[in-house]
Amino acid sequence: MYIDNAVHAHILAEKELRRCPEVVNGFVFTISDGGKMTGRELCNTLISYLPENKSIPPVTEMSLPLFYAIAYISEAINWLTYSRYIGSIHALQLSLAAVRHCLPTVWFDISAAKRKLWYTPLFSTTEALKAIAASVQNP
């Protein structure tokens with residue numbers, strides 16, 4: 001999410017809270033750039049906008065069975081060493097559950113923010129990625 005969109009949403013929420021608190025008070029809003037891209041598409045689009053001297057290879061996919069195998073081995077190692085490292089690395093492990101959570105492609109529904117806050121992203125995902133790439137080129 002581009003920072004200008006986040007700030008814009010916060011300002012709209014504050015205005016609506018002052019204007020009509022019973023409509024927005026305690027309500028949770030999902031805010032995003034409104035675009036629909038997978039993580040890989042997002043990374044590769046950003047990479048394509050970077051200047052030539054910042055060449056980064058495109059993001060590719062790891063085979064799913066290999067990903068699951070690595071997660072299974074990670075869980076086994078954690079299970080074998082858990083008593084020695086209780087709490088220190090437990091939160092950092094790659095688990096089968098973590099892999100399952102990474103698999104779905106999820107887009108965030110901003111319809112409530114559009115309806116109740118009148119939110120419309122100032123920058124699309126593509127425009128935001130271009131602006132980020134430009135800031136890398138001209139810091």
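**Salt bridges, ring pairs and a surface patch**

I would like to start with one contact in helix H1, where the side chains of Arg18 and Glu14 meet in a salt bridge, with 2.0 Å from N to O. Please keep in mind throughout that this is a predicted model. Arg18 and Glu14 both belong to helix H1 and lie four residues apart, which is about one turn of the helix. Arg18 has 69% relative accessibility and so counts as exposed, while Glu14, with a relative accessible area of 34%, is partly exposed.

How many salt bridges does the structure hold? There are two, and the other one I want to show you joins Arg19 to Glu16, where the closest N and O atoms are 2.8 Å apart. Because Arg19 and Glu16 are three residues apart in helix H1, about one helical turn separates them. Arg19, at 57% relative accessibility, counts as exposed.

Is Glu16, then, buried or exposed? Glu16 counts as buried, because its relative accessibility is 9% and the cut-off for buried is under 20%. If we set aside the neighbours within four places in sequence, Glu16 is in contact with Pro21, Val24, Lys116, Leu117 and Trp118.

Lys116 deserves a second look, since the charged end of Lys116 sits over the ring of Phe27, at 4.1 Å from the ring centre. Phe27 itself counts as partly exposed, because its relative accessibility is 37%.

That brings me to the aromatic rings, and a search of the whole structure finds two aromatic pairs. In one of them, Tyr2 and Phe123 are arranged edge-to-face, with 4.9 Å from centre to centre and 65 degrees between the planes. This pair links distant parts of the chain, since Tyr2 is in the segment before H1 and Phe123 is in the loop between helix H6, residues 111-117, and helix H7, residues 125-137, with the two positions 121 residues apart. Tyr2 counts as buried because its relative accessibility is 15%, whereas Phe123, at 26%, counts as partly exposed.

Why is the pair of Phe27 and Phe29 described as tilted? The ring centres of Phe27 and Phe29 are 4.8 Å apart and their planes stand at 50 degrees, so the pair is tilted; planes under 30 degrees apart would count as stacked, and those over 60 as edge-to-face.

Both of these phenylalanines turn up again when we look at Ala112, which lies in helix H6. Not counting residues up to four places away in sequence, Ala112 touches Phe27, Phe29 and Leu117. Ala112 has 16% relative accessibility and therefore counts as buried. You may also wish to find Val28 on the screen, because although Ala112 and Val28 are 84 residues apart in sequence, their C-alpha atoms are 8.8 Å apart in space.

Let me finish by going back to helix H1, which covers residues 3-19 and includes Ile11. Which residues form a nonpolar patch with Ile11 on the surface? They are Ile3 and Val7, and together with Ile11 they have about 270 Å² of accessible area. Ile11 has a relative accessibility of 42%, so Ile11 counts as partly exposed.

If you take one residue away from this talk, I would suggest Glu16, which lies in helix H1, forms a salt bridge with Arg19, and has Lys116 among its contacts.

Key. Residues are numbered from 1 along each chain as its sequence is written. This is a predicted model: local features need pLDDT of at least 70, side-chain atom pairs count only at pLDDT 80 or more; totals for chains, interfaces and linings use all residues. Side-chain values use heavy atoms; hydrogens and water are left out. Patches are made of residues with over 30% relative accessible area and no salt bridge: like charges are joined within 9 Å, nonpolar side chains (Val, Leu, Ile, Met, Phe, Trp, Tyr) within 5 Å. Accessible areas come from the Shrake-Rupley method with a 1.4 Å probe; for residues, only the protein chains shown count as cover. A salt bridge is a side-chain nitrogen of Lys or Arg within 4 Å of a carboxyl oxygen of Asp or Glu. Buried means under 20% relative accessible area, exposed over 50%, partly exposed in between (1.4 Å probe, protein chains only). Rings of Phe, Tyr and Trp (its six-membered ring) pair if their centres lie within 6.5 Å; planes under 30 degrees apart count as stacked, over 60 as edge-to-face and the rest as tilted. A charge sits over a ring if NZ of Lys or CZ of Arg is within 6 Å of the ring centre and within 35 degrees of the ring normal. Contact means heavy atoms within 4.5 Å.
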